[in-house]
Every structure is written in C-alpha cells, then in structure tokens.
Amino acid sequence: MTIGITTYLIYLAVSIALTIWVARTLHKNGRVFLVDVFHGNEALADSVNHLLVVGFYLINFGYVTLALKLGYVVTTAEQSIEALSVKVGMVLLVLGGMHFFNLFIFSRMRRRSVQHTQPPPVAPDAFTAVHQEA
Amino acid sequence: MFSLTVLYDPECGLCRRAHEWLAEQAKIVDLHFVPCASDEARRRYPQLNHDLTKKDLTLVSDDGGVYFGPKAWLMVLWSLVRYREWAYRLATPELLPTTKRVVSMISQNRYQISRVPVVNRLTR
C-alpha cells in the first residue's frame, strides 16, 4: 500500500468518525430543544431531529467525498501529515459551520414558537364594552 | 386574546390596499375588519367614541381593549406570523417615538398618499 493511499484512508477514517461524533452530539442534545419547540410533542420532535441529522450527514459526507482528491503525489510521511492537516482541518471547519447553522435553526424555531404565546407589545389606551354576538 | 377588530377608513385607498394585503397574511390572532363609524361598528361597540375612530386607525380586542393610532398599527403587526418580531422591535423604548411619528405622518396624509399614482394603481 503506497503512502498516498494510506493518507486517503486515514483522511476518510478521521473525517467519517468526526462527522458521526458531531451528528450524534447534535442528535442527543438537540432533542430537548425540539421537544420544547413543539410544545412537548415528542414524536414530532424526534422526527424533525432525525431528518435534521440525515441532512447533516448528507452534506458532510458529500463534502468529505468531494474534497478527497489531493492533486499531487505524496511520497514522504511528512507530506502525508501536512496533506492530512489541510484536509481534516477543512472538514472540521465545515462541520463547525454546519453545527452553528443547526444551532441557529434551532434557536430560530424556538424563538418563533415562544413568540406565539407572548403578550401584546403595547398596553391598550382604553377599554370599551363589547356587544356580545347572539 | 383570540381576535382583534380593526376599525378602518373605507374611503381611503391606502387603507383598502392595506386591508387586502392583511387578508393574505398568515395570522396568529384573527383580524376582523369593520368600517369605522359604520352601523356595524356602533352596534359592536356602543360606548366607543366613533368620531375619534374616523381620525386614526382604531383596533378593539375581544376583551374590550382599545388601541388607537400607532398602537393599533403595532397590534396589527403583532397579529401576523411574519411580523410579530417587528411589532416588538418597533415597540422598544428606543424605536417607539420614531414609530409613532412615522405612523402619525402616514395616517394624517393617507388621502394624499392614496392619490400618488403608484398607490392608486395598486388600490384600483
């Protein structure tokens, strides 16, 4: 096995492991948030949580696959480590970006759902009698 | 609060256009539209000063709270899914004075604004 192929295999192993770790963290800790957003509807929260994680996996594995090619020949262990640092670093940044994007979506969903029960922004100027409909 | 009644000026083109726009928006709280100072308005709110409702937009909640002018505008925004956030933003102490000024200006000049060709085209 050449050093180039070893580099690719290490890259794939590390990237896949990282993606799975981030996705599981998101899945585990996002659930509480979603249950709150959906007012305790756990079935719906689990379903949305699962769909979000599927999207997360697709985007990240898609990136990892597309970014695989090095474009030059790796001959020494030193070059291999350098190539890995660039590739894995990029994967980490994409994962971080995706993670914050997910948090942003969660917080926006939560804000929206909380807003539906918030009181009016201003107090009435006066009160009047309302004729009740028969 | 489950519904809000908007007492609008049926003779103003801008108000009619706003009415059409509001009818299409997704709502958190239902809006009912009743022409101001009409028989229907007098029947619903026998104790309200209906001459005042002709001067500026008035809104009455189902529990009898009366919102006048800029407050009525903010309450209308508050009833909409997409603009509730904006109602809170515009009602903050920093922005409320500006909101009131702008809303009063539009309200007082609503007949002139309705005559502006672009608005006119939209309201026909």
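**Close-up views of a two-chain predicted model**

With 11 C-beta neighbours inside 10 Å, A:His39 counts as exposed. The model shown in these views is predicted.

**View 1. A:His39 sits in the loop between H1 and H2 of chain A.** A:His39 comes just after H1(A). Its phi is positive, about 50°, although the residue is not a glycine. The cut-off for an exposed residue is 12 or fewer C-beta neighbours within 10 Å. A:His39 has 11, so it falls in the exposed class.

**View 2. B:Ala37 also has a positive phi without being a glycine.** Here phi is near 60°. B:Ala37 lies in the loop between E2 and helix H2 (39-44) of chain B. It has 19 C-beta neighbours inside 10 Å, so it counts as partly exposed. A buried residue would need 20 or more.

**View 3. Helix H1 of chain A bends by about 40° at A:Gly30.** H1(A) covers residues 3-37, a run of 35 residues. At 1.5 Å a residue, the helix should span 51 Å. The C-alpha atoms at its ends are 49 Å apart, which agrees. A:Gly30, where the bend falls, is one of the buried residues of this helix. The others are A:Thr7, A:Tyr11, A:Ser15, A:Thr19, A:Val22, A:Ala23, A:Leu34 and A:Val37. The buried residues of H1(A) pack against helix H2 (42-66) and helix H3 (77-115) of chain A.

**View 4. Helix H3 of chain A packs its buried residues against H1 and H2 of chain A.** Those buried residues are A:Ala83, A:Lys87, A:Val91 and A:Leu95. A:Lys87 is on the list along with A:Ala83. H3(A) has 39 residues, for which 1.5 Å a residue predicts a span of 57 Å. Its end C-alpha atoms are 56 Å apart, which agrees.

**View 5. A second, separate core of 6 residues includes members from chain A.** Among them are A:Val22, A:Phe56, A:Val64 and A:Leu95. A:Val22 is a buried residue of H1(A). A:Leu95 is a buried residue of H3(A).

**View 6. Chain A in outline has 3 helices and 1 strand.** Along the sequence the pattern is α-α-α-β. Of its 134 residues, 16% count as buried. Take the contacts in chain A with a separation of 6 or more: residues 24 or more positions apart account for 77% of them.

**View 7. Chain B in outline has 8 helices and 4 strands.** From the N terminus on, its elements run β-α-β-α-α-β-β-α-α-α-α-α. Of its 124 residues, 32% count as buried. Among contacts between residues at least 6 apart in sequence, 62% join residues at least 24 apart.

**View 8. An open sheet of 5 strands draws on both chains.** The order is E1(A)-E4(B)-E3(B)-E1(B)-E2(B), and the pairing is mixed. E1 of chain A and strand E2 (30-35) of chain B are the edge strands, each pairing on one side only. Strands of a sheet pair through backbone hydrogen bonds, either parallel or antiparallel.

**View 9. Strand E1 of chain A runs antiparallel to strand E4 of chain B.** E1(A) covers residues 126-127 and E4(B) covers residues 65-68. The two strands are joined by 2 bridges. A:Ala126 has B:Val66 as its bridge partner. A:Phe127 has B:Gly65.

**View 10. The contact takes 13 residues from chain A and 23 residues from chain B.** On the chain A side, 8 residues are nonpolar, 4 are polar and 1 is charged. B:Leu74 shows how residues of both chains meet. Leaving aside residues up to four places away in sequence, B:Leu74 touches A:Pro121 and A:Val122. B:Leu74 also touches B:Ala87, B:Leu90 and B:Ala91.

**View 11. The largest nonpolar core has 26 residues.** B:Leu59, B:Ala72, B:Leu74, B:Met75 and B:Val76 touch the most other members. Elements giving two or more residues are strand E1 (3-8), helix H1 (13-24), strand E3 (58-61), E4, helix H4 (70-78) and helix H5 (84-90) of chain B. H4(B) gives the largest share, 7 residues. In soluble globular proteins, nonpolar side chains tend to be buried together.

Conventions: Residues are numbered from 1 along each chain as its sequence is written. Chains are lettered from A and ligands numbered from 1 in the order in which they are written. This is a predicted model: local features need pLDDT of at least 70, side-chain atom pairs count only at pLDDT 80 or more; totals for chains, interfaces and linings use all residues. Two residues are in contact if their C-beta atoms, placed from the backbone, lie within 7 Å. Ala, Val, Leu, Ile, Met, Phe, Trp, Tyr, Cys and Pro count as nonpolar, Asp, Glu, Lys and Arg as charged, and the others, Gly among them, as polar. Two strands pair if DSSP finds at least two bridges between them. The expected span of a helix is 1.5 Å times one less than its number of residues. The bend at a residue is the angle between axes fitted to the seven residues ending there and the seven starting there. A nonpolar core is a set of buried Ala, Val, Leu, Ile, Met, Phe, Trp, Tyr and Cys residues joined through C-beta atoms within 7 Å.
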